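Me: I am new to this structure and should be grateful for a close look at a single part of its interior. Please take one residue as the point of departure and work outward from there.

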Amino acid sequence: MISIVTPSFGQLEWLRLAVASVADQEGIQVEHIIQDAGTSGIETMSEQFASDSNHHLKLVVEPDAGMYDAINRGLRRAKGEISAYLNCDEQYLPDALSKVINFFDAHAEVDVLFADVILIDQEGQPISYRRTVLPKPRHTRFAHLNTLSCATFFRRKLLDRGFYFDPAWKVVGDAVWVEKLLKENVRMATLPEPLAIFTFTGKNQTNLPTAGEEAARRNSSSGLGTTLRRNAAVVGHRIRKASAGAYLRRRVDISIYTKNSPTQRKRFVCKNLGFGWPR
């Protein structure tokens, strides 16, 4: 079984789409735990999905100390051998979770899997293709985490070893978590195909002032040495991305849920999708 945790608060419009993208995954056993901090109306939404026979959905409403605390709470309740977390502004593409299970079944040595992600706007239009490469410690610390959490999956045994998220961080906790895994030489791999989408809603956590403040606090050192290490890490990262084909334009054909189509996936085709991160 695969367990998906969604931290939630005040985003019902987007949460509904994320839940739908988990509910229609086929060929696998899945549990979806919504860890909500007290959103008005969420019980009604949960009942609506339960009435559609999506009995894998579990709703927990209780106070938390932020997103990563909510994720930890959900992960401690999870029963699957494979775990992941999906934010309200994200979705899985069709058959994504069966591909994850098949990958882990075929690669017993791998404990963490990263896949590609497609970035979309509020209406569902694709705006960028993000090819993933394995993160490196120096780039993760001095630049940024290049993998997206919506296409990150890991084995339960990492949680058994204590690899939960640090709730002291409010925005960059996934980068801190991955950096810790890298230091412990946890085996990681990539799957070079898109499994998820990330929606630019205008209210994403990465847009908050806290994101920049936390990134600066993580890398408190300064001076010429730090600048040189950062520049070297960025150059090396870009070379690895180029080698992986990250800067190629692609034809993209996806089916996702949108605000105008919350109960049926809508198809979007883009014949020449770029790779840049929208500003």
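Reply: The model is a predicted one, and a suitable point of departure is leucine 75, which counts as buried because its relative accessibility is 0%, whereas the cut-off for that class is under 20%. Leucine 75 belongs to helix α3.

What does leucine 75 touch, once residues up to four places away in sequence are set aside? Its contacts are Val5, Ser83, Phe154, Arg156, Leu159, Tyr164 and Phe165. A further relation concerns isoleucine 33: the C-alpha atoms of leucine 75 and isoleucine 33 lie 8.5 Å apart in space, although 42 residues separate the two in sequence.

The helix around leucine 75 may be considered next. Helix α3 spans residues 67-77 and is mostly covered, with 8 of its 11 residues buried. Besides Leu75, the buried residues of α3 are Met67, Tyr68, Asp69, Ala70, Ile71, Asn72 and Gly74. Which elements cover these buried residues? The cover includes the strands β1 (2-8), β2 (30-36), β4 (82-85) and β8 (152-155), together with the helices α6 (156-160) and α7 (173-183).

Two of the contacts of leucine 75, Phe154 and Phe165, also appear in the lining of the largest cavity. That cavity holds about 70 Å³ of space. Its lining also includes Tyr85, Phe114, Leu145, Thr147, Leu148, Ser149, Thr152, Asp174, Trp177 and Val178. Helix α7 provides the largest share of this lining, 3 residues, and β8 and α7 each contribute at least two. Both β8 and α7 are likewise among the elements that cover the buried residues of α3. By class, the lining of the largest cavity comprises 8 nonpolar residues, 3 polar and 1 charged.

The count of cavities of 30 Å³ or more comes to 3. The second largest has a volume of about 50 Å³. Lining this second cavity are Ala115, Val117, Arg130, Arg131, Thr132, Asn146, Thr147, Leu148 and Lys241. Thr147 and Leu148 thus occur in this lining and in that of the largest cavity. The residues around the second largest cavity divide into 3 nonpolar, 3 polar and 3 charged.

In summary, leucine 75 is a buried residue of helix α3, and its contacts include Phe154 and Phe165, which help to line the largest cavity.

Notes: Residues are numbered from 1 along each chain as its sequence is written. This is a predicted model: local features need pLDDT of at least 70, side-chain atom pairs count only at pLDDT 80 or more; totals for chains, interfaces and linings use all residues. Side-chain values use heavy atoms; hydrogens and water are left out. Buried means under 20% relative accessible area, exposed over 50%, partly exposed in between (1.4 Å probe, protein chains only). Helices (H or I, at least four residues) and strands (E, at least two) are DSSP runs, numbered from the N terminus. Contact means heavy atoms within 4.5 Å. On a 1 Å grid over the protein atoms alone, a cavity is a set of points where a 1.4 Å probe fits but cannot get out, and a pocket is an open set with protein on both sides within 12 Å along at least five of seven lines; lining residues have an atom within 4 Å of a point. Grid points are joined across faces, edges and corners, and a volume is the space filled by probe spheres set on the points. Ala, Val, Leu, Ile, Met, Phe, Trp, Tyr, Cys and Pro count as nonpolar, Asp, Glu, Lys and Arg as charged, and the others, Gly among them, as polar.
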